[in-house]
Amino acid sequence: MESSNCPRCHFARFGCVVVVVVVFFAVDIASAGSLQRVKDPHWHTASATWYGSPNGDGSTGGACGYGSMVDVKPFRARVGAVSSILFKNGEGCGACYKVKCLDKSICSKRAATVIITDESPALTKGRVHFDLSGSAFGRMAVKGNSGNLRNRGKISIIYRRTPCVYPGKNIAFHVNAGSTAYWLSLLVEFEDGDGDIGSMHIREARSNQWLKMTHLWGANWCIIGGPLQGPFSVKLTTLSKRRTLSARDVIPSKWSPKATYTSRLNFSK
């Protein structure tokens, strides 16, 4: 990622899951909750814990910047933090994963889907770890056993990447507080499909030139100019598959800090 003159921002940390799929795979288990080998190549081993209140959305903050959105539709507290290997310095924000625990006596056959909204501080030494909200962690259990599963603390799970799905939602851009005509910062929301963003460009009114934005932190990007003139078109490229989408004139000429502007399109699943 290229360097930038954008100031390093330190916002409050704000602390996402949805679809359920039945997946058949073969595993060898040495003892309950201890995974030795996953034969399905699409699934990988990891560990998982939970944080926050038992039925809540994790912490009151998170390293992606989604804020209070994580506790309401479409996120509905089905969110989680991941270790650095999946967080990718914030570029992993918004990615969706299916997670599943393996003890048949307490774990559901269904896989829960979680959206990455935070970074886990766990010392995992390069290993994959999910620190889920209490609500998301409990969804891996069979009905009526969510509390018993949470009581186990750290458990072994399997996970795999899955497309993000936000029914009825299109990609939106939240203009962060402090933005001006000379320093514009955007938070990207509700990307279907890959969910993650690898690069972001903006185009001013009456211009054919796409200007590269710089990744600030989490799902937040910025650009310095002087003065920047709207309406602005925004082009996104996903991190995982390099898919591109351009939202024309999505941010109006008379935009306001703290306002959110919704596009008319989204990535395909």
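This report walks through the strands, sheets, buried spots and largest cavity of one protein model.

**The overall picture**

Keep in mind from the start that this is a predicted model. The protein has three helices and 18 strands. Of its 269 residues, 54% are buried. On the outside, about 12700 Å² is exposed, and 49% of that comes from carbon and sulfur atoms.

**The five-strand sheet**

A good place to begin is the open sheet whose five strands run in the order β14-β15-β11-β10-β18, with antiparallel pairing. At its edges you'll find β14 (214-217) and β18 (260-262), and each of these pairs on one side only. Going from one strand to the next, the twist averages 35°.

Look at β11 in this sheet. Strand β11 covers residues 183-189 and pairs with β10 (residues 172-175) in the antiparallel sense over four bridges. Two of the residue matches there are worth finding on screen: Phe173 has Val188 as its bridge partner in β11, and His174 has Leu187. β11 also pairs with β15, again in the antiparallel sense, this time over five bridges. Leu187 turns up here too, standing opposite Asn220 in β15.

How much of β11 is buried? Seven of its seven residues are, so the strand is largely enclosed by the rest of the structure. As a general point, side chains in a regular strand alternate between the two faces of the sheet. In β11, Trp183, Ser185, Leu187 and Glu189 point one way. Leu184, Leu186 and Val188 point the other way, and the residues of both sets are buried.

**The four-strand sheet and its hairpin**

Another open sheet has four strands in the order β13-β12-β16-β17, and its pairing is antiparallel as well. Its edges are β13 (211-212) and β17; each has a single partner strand, so one side of each is left without a neighbour in the sheet.

Strands β16 (residues 232-237) and β17 (residues 244-251) pair in the antiparallel sense over five bridges. Along that pairing, Phe232 has Ile251 of β17 as its bridge partner, while Leu236 stands opposite Leu245. The two strands form a hairpin with six residues between them, and in this hairpin Arg242 takes a positive phi near 60°.

**Strand β4 and its two partners**

β4 (residues 44-51) mixes its pairing senses. With β9 (residues 155-162), it pairs in the antiparallel sense over five bridges. With β8 (residues 129-133), the pairing is parallel, also over five bridges. On the β9 side, the bridge partner of Ala46 is Ile157; on the β8 side, Thr49 stands opposite Asp131.

Here are some of the strand pairings side by side:

| Strands | Sense | Bridges |
|---|---|---|
| β10 and β11 | antiparallel | four bridges |
| β11 and β15 | antiparallel | five bridges |
| β16 and β17 | antiparallel | five bridges |
| β4 and β9 | antiparallel | five bridges |
| β4 and β8 | parallel | five bridges |

**The largest cavity**

Now for some empty space. The largest cavity holds about 50 Å³. Which residues line it? They are Gly90, Glu91, Cys93, Glu191, Gly195, Ile197, His215, Gly218, Ala219 and Trp221. Sorted by class, that lining comes to four nonpolar, four polar and two charged residues.

Ala219 is one lining residue to look at more closely. It sits in the loop between β14 and β15 (220-224). Is Ala219 buried or exposed? Its relative accessible area is 7%, and buried means under 20%, so Ala219 counts as buried. Ala219 also meets a part of the chain that is far off in sequence: Ala219 and Gly65 are 154 residues apart along the chain, yet their C-alpha atoms are 6.4 Å apart in space.

**A buried phenylalanine in a loop**

Phe75 gives another example of a loop residue. Its place is in the loop between β4 and β5 (79-82). Phe75 counts as buried because its relative accessibility is 2%. From Phe75 to Tyr166 there are 91 residues in sequence, and the distance in space is 8.7 Å, C-alpha to C-alpha.

Notes: Residues numbered from 1 in each chain as written. Predicted model: local features only at pLDDT ≥ 70, side-chain atom pairs only at ≥ 80, totals over all residues. Heavy atoms only, no water. Pairing = 2+ DSSP bridges. Axes fitted to C-alpha atoms, helices over the stretch in contact; angles between N-to-C directions. Buried < 20%, exposed > 50% of the residue type's maximum accessible area, 1.4 Å probe, protein only. Areas by Shrake-Rupley, 256 points an atom, 1.4 Å probe, with all protein chains shown as cover. 1 Å grid on protein atoms, 1.4 Å probe; cavity = no way out; pocket = protein on both sides within 12 Å on 5 of 7 lines; lining within 4 Å. Points joined across faces, edges and corners; volume = space filled by probe spheres on them. Nonpolar A, V, L, I, M, F, W, Y, C, P; charged D, E, K, R; others polar.
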